[in-house]
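Here are some notes for a colleague who has not yet looked at this structure. They are set out as numbered points.

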Amino acid sequence: MFRRVPGTRAALALALTAPLTLTAPLTLAGRAAATDQYTVTALRFTVRAGGRDCMVDADLYRPVGVDRAHPAPAVLATNGFGGSKSDGSTDAIGKTFAGRGYVGLVYSGLGFGKSGCLISLDDPDIDAAAASGLVDFLAGTRAADDGTRADFVTLDAKGDPRVGTIGGSYGGAVQLATAAVDHRVDALVPMVTWNDLAYSLAPDNAVGGGSVPGAFKWQWTNGFYLMGENQPLTVPGLDPTRIDSLACVHFVSKACALIRTLNSGSYPAKVTADVLGYAHSVSPVSYLKRVEAPTLLVQGQADSLFNLNEATATYRRLTAQGTTAGMIWQSWGHSGGSAAGELDLGRGDLESSYVGRRIAAWFDRYLRGRDVDTGPAFAYYRDWITDPADTYATADQLPALDEKLYLSGDGRLVDDRAKVARGGREYVNRPVPTSHSENSLSGMTGLPDPAPYDTRGTCLGWTGAPLTRATDVVGAPKATLKVVSPAARRTQNSGDAADKLVLFAKLYDLAPDGTQTLVHRLVAPVRVPDVTKSFTVTLPGIVHRYAKGHRLRFVIAASDDAYTGNRGIKPVTVVSSPQDTGVLELPVVAD
């Protein structure tokens, strides 16, 4: 089932979120610029989106020799959050694909760069409507504001251009939204993006959770909120459609209501239903059923903002409904993870990386109609392989949860239920966080990030025996738990979801010298649905080799300083017996 595939050298280059310029932006002297491969023309479009007229700032990349008699398929792309058409990674998309003979149309998303209107979090009725207007331009059925028309894009039918999309993070989700409302889109490559913003911003990893906010991811969320809100203060001469009110300057009001509610720490049922309803409505989880175009999902292993579970949920939904889809778990995401041999769009070179070659094949197949191999259903990066030419393994399906360990009352992880010792242990949360996984914005701010830690007495851990062989975990582990907390039981039906117990599950790699590693600093926040019943937790997906002699350590902690935690003091006891104990399930694959 699992195979090795080649890869070669490159470096991280696709900007993920902030306007991180990794290549020099293209300078346009006058209206158009040219190279020996393509011309670049700055265009503006006035599109109708969300009941408003919005100006979209774009650059058109036209390969030399492409004209009405010699049309070419098109690639449409926009920026990550906080960026624009001119940031290093976004304009690199235009350059890269124009150099490969595609017509490129790269634009600043609504509310960014010089484009107008408010930030609406990739709302299908707003952001996707704007993108669909640009598809009209590529179809030749509408002109840019200066009268420019495109009659040189390959057509599938009158008014239907051959067009694919690519982009990361904020520029990833808009592709799925656009494909849901405009079936003229022929191929998608969403990278490091979300499936459900409710999970992304306030994750609840309890299976069946999601009806209430989990633990608010306050660092990531407020970092992006402030990045959006400060634009009218830092960017001169903004289009007036980008300013709403002093209460919510740069976002649509429902987005601001979402942020305010999550920051409030109070989640009464009616308010929660409204804000989560909005978060779902602007997320692929609500409209994937309408996505028909072949979709290659690329997600980062080092990503605490949009973890591997997000792409997995999207992939499973697409394949279940019959939409052609593939999924790659690359090394890098919003939390870093740059590695030799990985995709570097800034270099304009797809052939030098495994992911790049997969993207090239995807577009060759679905935009150019070539009979090429688009690769396996699933591929994943292995950071323990030292040869960049052999870092990816592939499979025809996601690994199964095929290994079980049991939580013994004496703090051991054992491989047989009969080995479980009877016993109970307790932890107590404190008024301030006592565990640390990450400073979420350290990569953007340059602030140091201490190693993960848990304060004694505010967590419980179970440690396995030294491994007799290397063990590769590929996928999302699961844990079934039952906790005792009289204080949480008294408040869990208060009518405010914030009164429910919160805990954080995580999996460490414990080396023989005692050093422990929290893989990619990932944790699984859980808002326990009912402390009188057992519950199952899906941890974030990982790809990690536990070396021979190392030990697995499973921990539940009372808090994490990157998230909001419990309201009030809620002691927790975990009791184990051979007949009734917690179970940890792992997706383990053979080397």
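**Notes on strands, cores and spaces**

1. Strand S17 (residues 423-427) and S29 run antiparallel and are joined by five bridges. Within this pairing, Tyr 427 stands opposite Val 572 in S29. Please keep in mind that the model is a predicted one.

2. Strand S29 covers residues 572-576, and four of its five residues are buried, so S29 is largely enclosed by the rest of the structure. Buried here means under 20% relative accessible area.

3. The largest nonpolar core has 37 residues. Those with the most contacts inside this core are Leu 503, Phe 554, Ile 556 and Leu 584. As general background, nonpolar side chains tend to be buried together in soluble globular proteins.

4. What is Ile 556 in contact with, leaving aside its neighbours within four places in sequence? The list comprises Tyr 427, Cys 459, Leu 460, Trp 462, Leu 481, Leu 503, Phe 504, Ala 505 and Val 574. Of these, Tyr 427 has already come up as the residue opposite Val 572, and Leu 503 as one of the residues with the most contacts inside the core.

5. Apart from the largest core lies another, of 36 residues. Among its members are Phe 216, Cys 256, Leu 262 and Tyr 267.

6. Turning to open space, the largest pocket holds about 700 Å³. It is lined by 35 residues, and the closest to its centre are Tyr 199, Asn 205, Asn 309, Ala 313 and Thr 538. Two or more lining residues come from each of helix H4 (197-201), helix H8 (269-281), helix H10 (308-320) and strand S21 (471-475). H10 gives the largest share, five residues.

7. How does the lining of the largest pocket divide into nonpolar, polar and charged residues? There are 18 nonpolar, twelve polar and five charged residues.

8. As for enclosed space, the structure holds seven cavities of 30 Å³ or more. The largest cavity has a volume of about 250 Å³. Its lining is made of 18 residues, with Phe 81, Leu 121, Leu 197, Leu 201 and Phe 224 the closest to its centre.

9. Which helices each supply at least two residues of the lining of the largest cavity? They are H4, helix H5 (218-229) and helix H7 (253-264). H5 provides the largest share, four residues. By class, this lining has 15 nonpolar and three polar residues, and no charged ones. H4 thus appears in the lining of the largest cavity and also in that of the largest pocket.

Key: Residues numbered from 1 in each chain as written. Predicted model: local features only at pLDDT ≥ 70, side-chain atom pairs only at ≥ 80, totals over all residues. Heavy atoms only, no water. 1 Å grid on protein atoms, 1.4 Å probe; cavity = no way out; pocket = protein on both sides within 12 Å on 5 of 7 lines; lining within 4 Å. Points joined across faces, edges and corners; volume = space filled by probe spheres on them. Nonpolar A, V, L, I, M, F, W, Y, C, P; charged D, E, K, R; others polar. Buried < 20%, exposed > 50% of the residue type's maximum accessible area, 1.4 Å probe, protein only. Pairing = 2+ DSSP bridges. Core = buried A, V, L, I, M, F, W, Y, C linked by side-chain atoms within 4.5 Å. Contact = heavy atoms within 4.5 Å.
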